[in-house]
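Colleague: Got a minute to go through this model with me? I'd like to start with the charged pairs and then move on to the helices.

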Amino acid sequence: MDLVTLWFWLIALTFTLYFFLEGFDFGVDILRPFLARNEAEERALVGTIGPFWDGNEVWAIAAAGVMFSTFPVWYGTLFSGLYPVFVIILLSLLMRGVSFEYRNQVESQRWRSFWDWMSFLGSLIPSFFWGLTMAKLIEGLPINADERVLGGFAEVFTPFSVVGGLATTLLFMLHGANFLLLRLHKDTELYNRARAAALFWGALATVAILAFVVMGYVTEGLFNSFGVLPWLFPVAAALTLGSIWYGLTRRRDVLAFLMSSLTIVFSTVTIFIALYTRQVVLPSTLNPEYSLSLRESASQPYTLVLMTWVGAIFLPLIIGYQVWNYYIFRERVRPEEGGLNKGYD
């Protein structure tokens, strides 16, 4: 495997880890207004993701940083072409982080409600726009011969990209509900509400994902370049979605969470497989000849070698720290205890 291929798949890995990890804490925050009935339950839901959310966001920074250093043409065209989208995502994430810090600083219900809604929007908006961005990677942007993206903000909203955004948001809500089944004590009413939410939002997520897959197959030729087994990933996605229902109805919470995790992994990997098999990292909707190819978008060999050494040192450290963090804060949360028993409040 050459370094261009290696770094393309490492970018795919960072995005996959980001959507897998941040997906459930986005989902918990989006579900919070539907699940919490009082202040103790609000605190308990925040406590389920409190030790993890900022560490999960590291993978978004890693993905953008790695793309910038190893595929500067891809990074420049994508981020400048979708500049308003990424500004909205960034502001939403900032607002979300501030809400966690400020929420409990003033003993006022109106103050807390304001920051709860900021946290809700700070999770809902990035969830939708990340899904829209992944859809645009397949659908393409109006790139001209100078590798510049033409058109305005409104043009990023197409039927395919909007369905992609909705599918991602609903999938994150399902993933968040499944995560709550692992983090809340089973004898609480909040746990039962989380299970009902998983079943309800999971049904909507299944419809949205199937719609995205069908549209990708019909309008974008998503699986045409997959070789002799173009049906493999759609079938795998259908099996994981079906397994989620089996896990939820049989009260096998670990299985349900693993399957929603695999659905996110398969969905993200499918997009990057489509890019790799086409050898095009960003198609042009104006002229196929203006599309950004994998090889021509990559950095010089010296930069790729240097980044390989940097990645070999820091990637295991980041993964190791996160595994340790999840182990330390592994205990379940009970609303009447006000959050976690140790380490974070």
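Colleague: Are Arg96 and Glu22 buried or exposed?

Modeller: Keep in mind that this is a predicted model, where local features need pLDDT of at least 70, side-chain atom pairs count only at pLDDT 80 or more, and totals for chains, interfaces and linings use all residues. Residues are numbered from 1 along each chain as its sequence is written, and side-chain values use heavy atoms, with hydrogens and water left out. The cut-offs are under 20% relative accessible area for buried, over 50% for exposed and partly exposed in between, with a 1.4 Å probe and protein chains only. By that test, Arg96 and Glu22 are both buried.

Colleague: How far apart are the closest N and O atoms of Arg96 and Glu22?

Modeller: A salt bridge here puts a side-chain nitrogen of Lys or Arg within 4 Å of a carboxyl oxygen of Asp or Glu. Arg96 and Glu22 form one, and it links distant parts of the chain, helix H5 (residues 83-102) and helix H1, 74 residues apart. Helices are DSSP runs of H or I with at least four residues, numbered from the N terminus. The closest N and O atoms are 4.0 Å apart.

Colleague: Which residue of helix H6 forms a salt bridge with Arg32?

Modeller: Arg32 sits in helix H1 and meets Glu42 of helix H2 (residues 39-49) in a salt bridge at 3.0 Å, N to O. Arg32 also has a salt bridge at 3.2 Å to a residue 84 places away in helix H6 (residues 109-139). That partner is buried, as is Arg32. The residue is Asp116.

Colleague: Which helix gives the most to the largest nonpolar core?

Modeller: Such a core is a set of buried Ala, Val, Leu, Ile, Met, Phe, Trp, Tyr and Cys residues joined through side-chain atoms within 4.5 Å. The largest has 96 residues, and Phe15, Phe71, Trp74, Leu78 and Phe272 touch the most other members. With 15 residues, the top contributor is H1.

Colleague: Where does H11 bend?

Modeller: The end C-alpha atoms of H11 (residues 301-328) are 40 Å apart, which agrees with the 40 Å expected for 28 residues at 1.5 Å a residue; the expected span is 1.5 Å times one less than the number of residues. Its buried residues, including Leu304 and Met307, pack against H1 and helix H3 (53-70), contact being heavy atoms within 4.5 Å. A bend is the angle between axes fitted to the seven residues ending at a residue and the seven starting there. H11 bends by about 30° at Gly311.

Terms used:
Helices (H or I, at least four residues) and strands (E, at least two) are DSSP runs, numbered from the N terminus.
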